[in-house]
Amino acid sequence: MLHVRSIWNGAISFGLVSIPIKLVNATESHSISFRQIHTEDGGRIRYRKFCELEDREVTQGEIGKGYEDADGSIIPITDEDLSSLPIPTAKTIEIVAFVPADRIDPLQMDAAYYLQASGAPAAKPYTLLREALKRSNKVAIAKFALRGRERLGMLRVVGDAIAMHGLLWPDEVRAPEGVAPDTDVTVRDKELDLADALMDTLGEVDLEDLHDEYREAVEEVIAAKASGEALPQAPEPAAGGKVLDLMAALENSVRAARESRGEEAEHAEVKSLPQRKTARAAPKQTGGKKSASTAKKTAAKKTTASAKKSTAKSGQGTKKTASKSTAKKTPAKKTTPRKRSA
């Protein structure tokens, strides 16, 4: 038995069958809420409701609904006015069709509720509808009124209960125009293969194992401040950077995912990208023919110039001395006698 306060009482209209039910929330929020405070002294900030005509604070029991007309006048609307609306869904969840579940666009999914049978007489028709939904492998589309407006809903079986998901009306879902990239992009088969490999490696997950880490972190901060302890330190963010090579990023992602699952690196079946040869490394592996030819030409020019000038001069600059020294050390020594004999 679900001991949750019902938010709506009515009936399911299933053809000529009427099933008295209570509507209860199927979800709950575990998010941490904060109060507004005065930062100087920690005093609570509260909102008070004043009547602008009497200029006084009013209680919740004195507050009702009103519709503001175009001219600014207020038309009071009571709960009785809304409960007597001339529509069949005012107090009834009216099933209008049964469709395959894949016909429902997930973008339409809204809040979820459980439909609880109201009293013993509702047990038989409730069970009938539940089993009919099970056997048909379909969901029921219904219309109902809640919180001042008519809504669309989808009924499906969850365990032994019937759940209803509120649905947005089709015209409330925006078209995804202008969202996708407007540039032409070509995706190669190899890139798709790596993406598939990454998807397979990540695999599936048991949703029961997922939890709200943000809420837990906030609770740790609150507990630390309450006890006067040091606040937990945030981990260092991962080193970011631009992804220059999509293939390398995909391969590294596959490798990291498999290693995180305890798989050995050699079984990752990821082929490393070939190393690109850079021009900077070339001088160390230069062939001998090219450098020898260059040295011969350089030595020939230097020996010709030195033949015209006296080698006895000692006032030569450092550059000339270095040039002569370089010429002597080059493989062009063999050509020097040929030049002198000429």
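Here are some notes on one helix and a few salt bridges in this structure, which is a predicted model.

1. Start with helix H4, which covers residues 213–227. A quick sanity check works nicely here: the helix has 15 residues, and at 1.5 Å a residue it should span 21 Å. The C-alpha atoms at its ends are 21 Å apart, so the model agrees with the expectation.

2. Now look at the two ends of H4. At the N-terminal end, Asp 212 acts as a cap, with one of its side-chain oxygens 3.1 Å from the backbone nitrogen of Tyr 214. Just past the helix sits Gly 228, which has a positive phi of about 75 degrees.

3. Stay with H4 for a salt bridge. Glu 219 and Arg 215 pair up through their side chains, at 3.2 Å from N to O. Both residues belong to helix H4 and are four residues apart, about one turn of the helix. Are they buried or exposed? Glu 219 has 38% relative accessibility, so it counts as partly exposed. Arg 215, at 21%, counts as partly exposed too. That value is worth a second look, because buried means under 20%.

4. How many salt bridges are there in total? The count comes to nine, and you can find a few of them by following the points here.

5. Next, go to Arg 56. Its salt bridge with Glu 54 has the closest N and O atoms 2.4 Å apart. There is a third residue to include: Glu 54, Arg 56 and Glu 62 are linked in a network of salt bridges. With a relative accessible area of 34%, Arg 56 is partly exposed.

6. Arg 130 deserves its own stop. You will find it in helix H2, which runs over residues 123–136. Its side chain meets that of Glu 131 in a salt bridge, at 3.0 Å from N to O. Glu 131 is partly exposed, with a relative accessible area of 36%. Arg 130 has 14% relative accessibility, so this residue counts as buried.

7. Which residues does Arg 130 touch, once you leave aside its neighbours within four places in sequence? The contacts are Val 157, Asp 160, Ala 161 and Ile 162. Try selecting these together with Arg 130 and Glu 131 in your viewer. You then have the salt-bridge partner of Arg 130 and its contacts from further along the sequence in one picture.

Note on methods: Residues are numbered from 1 along each chain as its sequence is written. This is a predicted model: local features need pLDDT of at least 70, side-chain atom pairs count only at pLDDT 80 or more; totals for chains, interfaces and linings use all residues. Side-chain values use heavy atoms; hydrogens and water are left out. The expected span of a helix is 1.5 Å times one less than its number of residues. A polar contact is a pair of N or O atoms within 3.5 Å; within protein, one must be able to donate a hydrogen and the other to accept it, and residues adjacent in sequence count only if both atoms are side-chain atoms. A salt bridge is a side-chain nitrogen of Lys or Arg within 4 Å of a carboxyl oxygen of Asp or Glu. Buried means under 20% relative accessible area, exposed over 50%, partly exposed in between (1.4 Å probe, protein chains only). Contact means heavy atoms within 4.5 Å.
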